[in-house]
4 protein chains.
Amino acid sequence: MKKKIAKQTPSRSALRRQREKEQRYNTILRSAETLFAKKGYHQTSMEEIGDLAEVSAGTVYFYFKNKEDILITLLKEGGFHFRKMIGDAFRQADASVEGLKNAGVVFFRDFCVQHPEKVTIIFREAVGMTEKVESVRKDLFKRMTEDIKQALLRISEKLDTAYRSDLSAELLAVCIAGLYGRIATYYLIWDDRSKDLMNIAEEAVLFTIGGVEKLVAAKKY
Amino acid sequence: MKKKIAKQTPSRSALRRQREKEQRYNTILRSAETLFAKKGYHQTSMEEIGDLAEVSAGTVYFYFKNKEDILITLLKEGGFHFRKMIGDAFRQADASVEGLKNAGVVFFRDFCVQHPEKVTIIFREAVGMTEKVESVRKDLFKRMTEDIKQALLRISEKLDTAYRSDLSAELLAVCIAGLYGRIATYYLIWDDRSKDLMNIAEEAVLFTIGGVEKLVAAKKY
Amino acid sequence: MKKKIAKQTPSRSALRRQREKEQRYNTILRSAETLFAKKGYHQTSMEEIGDLAEVSAGTVYFYFKNKEDILITLLKEGGFHFRKMIGDAFRQADASVEGLKNAGVVFFRDFCVQHPEKVTIIFREAVGMTEKVESVRKDLFKRMTEDIKQALLRISEKLDTAYRSDLSAELLAVCIAGLYGRIATYYLIWDDRSKDLMNIAEEAVLFTIGGVEKLVAAKKY
Amino acid sequence: MKKKIAKQTPSRSALRRQREKEQRYNTILRSAETLFAKKGYHQTSMEEIGDLAEVSAGTVYFYFKNKEDILITLLKEGGFHFRKMIGDAFRQADASVEGLKNAGVVFFRDFCVQHPEKVTIIFREAVGMTEKVESVRKDLFKRMTEDIKQALLRISEKLDTAYRSDLSAELLAVCIAGLYGRIATYYLIWDDRSKDLMNIAEEAVLFTIGGVEKLVAAKKY
DNA sequence: AATGAATGAGCTTTCATTCAT
DNA sequence: GATGAATGAAAGCTCATTCAT
């Protein structure tokens, strides 16, 4: 609205304020993430989130519409981060079986181990919440599955193979997403076996490859 | 005031009362199950549970310690039911690869399709609740995984094969449990593709077998 | 729901409980009325209402849906009471000019003086609240006005006279309701001149009659 | 740093600034008036007022002490406007019965129809607010009533008549103010019958005159 | 003068749980 | 055994107001 005409560059202090605002937004988001992962969504109050971020509960409402909004933001952020990592891994491996391996390793080593709170939010705290959260989560998983499916299709194309049925590619994607998710829950959230994780990743990838091969129908000529 | 001392056999009416009590207990449990699956745990109040069971909220507390107790009961009950089904399937197949197939089919056809509310509770409503619920759930999944692991070990023993590493059997179990769970969520809770379920089950079993074979090291002599 | 068959009369204790429940409902309603009239609707918290009624704030919600519901109940109750009084006064006076006098006296002497809190609620606290309250209030005033209008029409019929225009009867009713309302506000809520009220009532009635006569067109043959 | 000592005449730009300041004050006041009339005082936030006036919420506080202050300003402003109009009408009619008619017409035609938001604020939004607002409103109505009373006294003096009792003049004023207020509420705020307003005004004036005559005791010699 | 981020008091409301009857 | 009235703690949220910039 009120803008001084002919002011091309925002002032120093305006820039600093903008920066501070973003920082605060992030501080609050990180506080919520930490608490949701540690104590659970319903066991965390807005005041606690404020406390940890060193602001008042009212301030939290300046940055987020409501509590649900925080969770959704966290879920989307985590999901975006996750998809980007996996996607990059695939792209680097140039649509080969190698890509499947890479993606698995990246998932465990670079996502789960580095961001256990994100894993907890995506796979535990955002489950069975409100309808809105559930739909965001569903959407996220649909996209993840689609990502994997597309990768599988690219691989099969490159290798000149076809899948057993129309279902296969999607189902494979669902299975892979499912088993990776469970491994994360089982070996990170429930027990901390992060030191074994590379072995686990290796065998998980083998399992995946074995499964995928089983659903390949035949070599196309 | 007459009091029958040393009453060996319960009277008719005592028996009837006992029976009615059990019925009521079940009615309440089923009401809660229905509502938890439909509206979610937190969105369901004790009064609603009572209403659906045609008793007062107070009465619910006669049968269950508290709301959490209902969820835990439901979780244990569903888990028990589930394990029994799968276990029986394995036993009937006499610890063979056939058993793996059977178990998969039973899981989808006889458990998921027949008891979608149980699936919803185990895989959605009981996730990320209280610590106590979480620990029961964790315990349930550990047992499930152990069941599968034992089945896998029995199969390999019978076939005179060995797994790739000490981890393998457990990891396989985790993977299988994970992918089956996700399929249930994806194809039943999120979208209703129950009519495709037998095809899905078939390919899921194939995937599983392919994965398992990949982690078999070698034939023992 | 649960009802013992063949139980004609409710038990003593059931009756007593029913009575107590009604009493409590009334106690809460009276507490709210008192506080709304004394401190104003927005300045009164649910907890204060509970306190005065010697129950917890939670209990207030057992009897009323929310705060607005209390105000609406009070408004309807007051309006009903009011209309009944005035209506009876008219009926007793047998649709004559005498009726107009009676109604005026009854309004001031039996309603305003006896129930000043109701006056305050109807003419002050329920003004300009939520849309819902406003619509109830509007409805109440429309009915009051209609009551007066009908009374005026009956009088004119009996006296074989007609009003100046189609508007007249309604307008007269609006005027009468308005001036009575203001007198109540002015001489009771703003200043306590209740000891002069009978003189005020007398002159107000005279004013009213003078005004009504002015809008009578002519004697019908 | 130069500083002009003893600055007699304000500079051009100071004048402009002064003018802009007054404009802004008015813009804010008008925004508040519009919103209070449309949505109600409590349903309007300071930020909304700022938004409509194209300033920030903080700026509103530069021009007004607080929210209540805005309402009081509006109430006083509306009241002043109103009294001035009616007063002028009386003065022009030279203290005659004609004056009563004029005032009525002016009230409906020039005040109510032209400034419906002011009517809404005076007769609805400022009712039953804080003590302070209530006292300003009371004060306003006392002045209005006094105005009317003085007009009535001047008329009676000029016509060489006297009122029935000491109360009469004041009571008449109260009645007139009351019935006019209610007509405005009934035919403008509740239903929009502004097209019938001149007929309504005519009959309302007749009613008034009829009422006033009834309280005239006798001709003085 | 103007901004808008920050505050924090205060409110309504919900609901699991208890307990006298 | 069953009821349902009563509780009270806890939470989310709103918003008038302040103040550094």
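Visitor: Let's start with C:Leu71. Where is it in chain C?
Guide: C:Leu71 sits in helix H4 of chain C, which covers residues 67–92. Keep in mind that this is a predicted model.

Visitor: Is C:Leu71 buried or exposed, and why?
Guide: Buried, because C:Leu71 has 25 C-beta neighbours inside 10 Å, and 20 or more is enough to count as buried.

Visitor: Okay, which residues is C:Leu71 in contact with, leaving aside neighbours within four places in sequence?
Guide: C:Phe36, C:Tyr41, C:Ala126, C:Met129 and C:Val133.

Visitor: And how many Å apart are C:Leu71 and C:Glu125 in space?
Guide: C-alpha to C-alpha, they are 8.6 Å apart, while in sequence 54 residues separate them.

Visitor: Switching to the DNA. What surrounds strand E?
Guide: There are 34 residues around DNA strand E, and the closest are A:Gly58, A:Thr59, B:Asn66, C:Asn66 and D:Gly58. Helices giving two or more residues to that surface include H1 (12–39) and H3 (57–63) of chain A, H3 (57–63) of chain B, and H2 (46–53) of chain C.

Visitor: What about chain D, which elements does it give there?
Guide: From chain D, helix H1 (12–39) and helix H3 (57–63) each give two or more residues to the surface near DNA strand E.

Visitor: And the classes of residue near strand E, how many of each?
Guide: 12 nonpolar, 13 polar and 9 charged.

Visitor: Now strand F. Which residues come nearest?
Guide: A:Asn66, B:Gly58, C:Gly58, C:Thr59 and D:Asn66, out of 33 residues around DNA strand F. Among the elements with at least two residues on that surface are helix H1 (12–39) and H3 of chain B, along with H3 of chain D. By class, the surface near DNA strand F has 12 nonpolar, 13 polar and 8 charged residues.

Visitor: Different topic: how many residues do chains A and B each put into their contact?
Guide: Chain A puts in 38 residues and chain B 37. On the chain A side, helix H6 (116–125), helix H8 (168–190) and helix H9 (197–214) each supply at least two.

Visitor: Which of those gives the most?
Guide: H8(A), with 13 residues. The side of chain A that touches chain B breaks down into 18 nonpolar, 11 polar and 9 charged residues.

Visitor: What rotation superposes chain A on chain B?
Guide: A rotation of 179°, with 0.0 Å of shift along its axis and an RMSD of 0.2 Å. That is how a two-fold axis relates two copies.

Visitor: Why do you say the copies meet through the same surface?
Guide: Because 97% of the interface residues of chain A are also interface residues in chain B.

Conventions
Residues are numbered from 1 along each chain as its sequence is written. Chains are lettered from A and ligands numbered from 1 in the order in which they are written. This is a predicted model: local features need pLDDT of at least 70, side-chain atom pairs count only at pLDDT 80 or more; totals for chains, interfaces and linings use all residues. A residue is near a molecule or strand if its C-beta atom, placed from the backbone, lies within 6 Å of it. Helices (H or I, at least four residues) and strands (E, at least two) are DSSP runs, numbered from the N terminus. Ala, Val, Leu, Ile, Met, Phe, Trp, Tyr, Cys and Pro count as nonpolar, Asp, Glu, Lys and Arg as charged, and the others, Gly among them, as polar. A residue is buried if 20 or more other C-beta atoms lie within 10 Å of its own, exposed if 12 or fewer, and partly exposed in between; C-beta atoms are placed from the backbone. Two residues are in contact if their C-beta atoms, placed from the backbone, lie within 7 Å. Copies are superposed by least squares on the C-alpha atoms of residues with pLDDT of at least 70 in both.
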